[in-house]
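Reader: I have a model on the screen and some labels to question. Could you take me through the reasoning behind them?

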Amino acid sequence: MEQLLEQIKNVNDTANGFIWGTFGIIFLLGTGIVCTIVTKCPQITRFGHIVKNTFGQLFKKDIHKKMDNDPGTLSQFQAVCTGLAAVIGTGNIAGVSTAICLGGPGAVFWMWIAAFFGMVTRYCENVLGVYFRRKNRNKEWSGGVMYYLKDGLGRYPGFKTIGRILAALFCVFTILASFGTGNMAQINKITLNVQSAFFSNVEAPAIAGVSVVNWAIGLALMILGGFIVFGGLKRIAAFSVKVVPITALVYVIGCLIVILSNISVMGDVFSSIFHFAFVPRAAIGGVAGSLLKTIIDGPVKNGCKRGIFSNEAGLGSTVMVHSNSSVKEPVRQGMWGIFEVFVDTIVVCTMTALVVLSSGAIDLKTGFAAAGTNDATLVSTAFSNVFGQPGEWFIAVIMLIFAFTTVVGWSQYGSKVTEYLFGEKIVKYYRLIFVLTIIFGAVLEPSLAWDVSDTFNGLMMIPNLIGILALIPLVAKITKNYRDRRIRKMSISPMLSYDPYLQEKYENEG
């Protein structure tokens, strides 16, 4: 058995190193660059229009309305909050700390670069998701990577079978990743942080070799998770709308207080970010060989990888929620994708990075972490330096909420791909297994299962990026059509859906 596990570990390490190594980073960033060029860099050239139709719409009633009171849709605000619920998780706190400890301050710069191009990758995902969506038997919208692979890529001559195979593979990878990265790994982080913050001095009895505290946390989260997950997308969205905006705002305010208390070193912090983005840390330079390889293996890889873990741009996950939006214009939901990545990485992750770099745990002259630094608790330590013990409690609660919203968000992803593969009737069984799995995240030690799920998480991006690159001419046409109609005020027919019935219906509704 041990030999078998060792073989699985070796195979997984090889696959993981390939997917999340140079190939994966180049494939992901390359796709983002292509998308940015083809769509004419909307995150810059159309910045004002995007802000007006995202940030500028947050307090308007239309953004909170559903389509014709359709029970199968979400308002645009519900869709983006549910998407943010799934992507704002442990990666925004522990993930950023890990990136800096492994790649140095320069990792933050490459995290920004990944987010800059990831905004347009997410834009393309959302445009395609809304364009190729359809209603299921329960009158709910179904959309996502699997549909634009099957009906988009599959429409090209000779690609029908390839499109269907890639769609099925994406679904399988997503189901497997949902139990690991989207469930047990998040619950495990919650348990460790809650234990450290509130029960570190408690001597609790053990059940089956595991502290009763772990069992209690896992059981509580399983019950709460079951209540939300079995309520379906509507309950997940209602939960996300209430929790995500206020939690993110409170966290950012907390970070700003810590940053202001360390304002005297902010100049050095930003200097180190840009300096170490292109200059390898001294001790690594002599070992790694070439300058380019050292930079790629250090700040580039860690910054891009952790940025991707955080915002999931390119993985094709959140498009399954955005496809349920009440919006009829694919481009409008695409703009919300840009907003989502901006909030997740440019705002929340940057706040974490500034807290970490100003804490004194990272030497801003050498780029290395101080001896004894624990990347898993670095942020809570930085907060406790300012707020005392309550600072550690604050981060534990924030991590709990962020990670738990990720769990319920991923349950929707798994439900949608299960529906695609097996039909709506099987979804309830998937949800049952997903909820029962929550408790295992609290009582099991991090192990090979975590690493394997990380690999499946990365495998999701391969069929998705293939689909995006194949369909980028269509995205360009839809984008140009929108600009001609909405910005240049030209009188032409809109491009709203691949389905002739929906296209005609939307046109008639205006």
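**Reasons behind the labels**

Author: By class, eight nonpolar, two polar and two charged residues make up the lining of the largest cavity. The model is a predicted one.

Reader: What makes a residue part of the lining of the largest cavity?

Author: A lining residue has an atom within 4 Å of a cavity point. Pro42, Arg46, His49, Ile50, Tyr123, Val331, Met335, Ile338, Thr479, Tyr482, Arg483 and Ile487 line the largest cavity. Arg46 and Arg483 are in that list, and Arg counts as charged.

Reader: Why is this space called a cavity?

Author: A 1.4 Å probe fits there but cannot get out, so the space is a cavity. The largest cavity holds about 90 Å³. The whole structure has five cavities of 30 Å³ or more.

Reader: Which helices supply at least two residues each to the lining?

Author: They are H4 (47–53), H16 (330–357) and H21 (461–487). H21 gives the largest share, four residues.

Reader: How do you know that the length of helix H2 agrees with the expected span?

Author: H2 covers residues 22–38, which is 17 residues. At 1.5 Å a residue, H2 should span 24 Å, and its end C-alpha atoms are 24 Å apart, so the two agree. Just after H2, Lys40 has a positive phi of about 65 degrees.

Reader: Why are Gly24 and Phe27 in H2 called buried?

Author: Buried means under 20% relative accessible area, so Gly24 and Phe27 fall below that cut-off. Other buried residues of H2 include Leu28, Thr31 and Cys35. Of the chain's 510 residues, 57% count as buried.

Note on methods. Residues are numbered from 1 along each chain as its sequence is written. This is a predicted model: local features need pLDDT of at least 70, side-chain atom pairs count only at pLDDT 80 or more; totals for chains, interfaces and linings use all residues. Side-chain values use heavy atoms; hydrogens and water are left out. On a 1 Å grid over the protein atoms alone, a cavity is a set of points where a 1.4 Å probe fits but cannot get out, and a pocket is an open set with protein on both sides within 12 Å along at least five of seven lines; lining residues have an atom within 4 Å of a point. Grid points are joined across faces, edges and corners, and a volume is the space filled by probe spheres set on the points. The expected span of a helix is 1.5 Å times one less than its number of residues. Buried means under 20% relative accessible area, exposed over 50%, partly exposed in between (1.4 Å probe, protein chains only).
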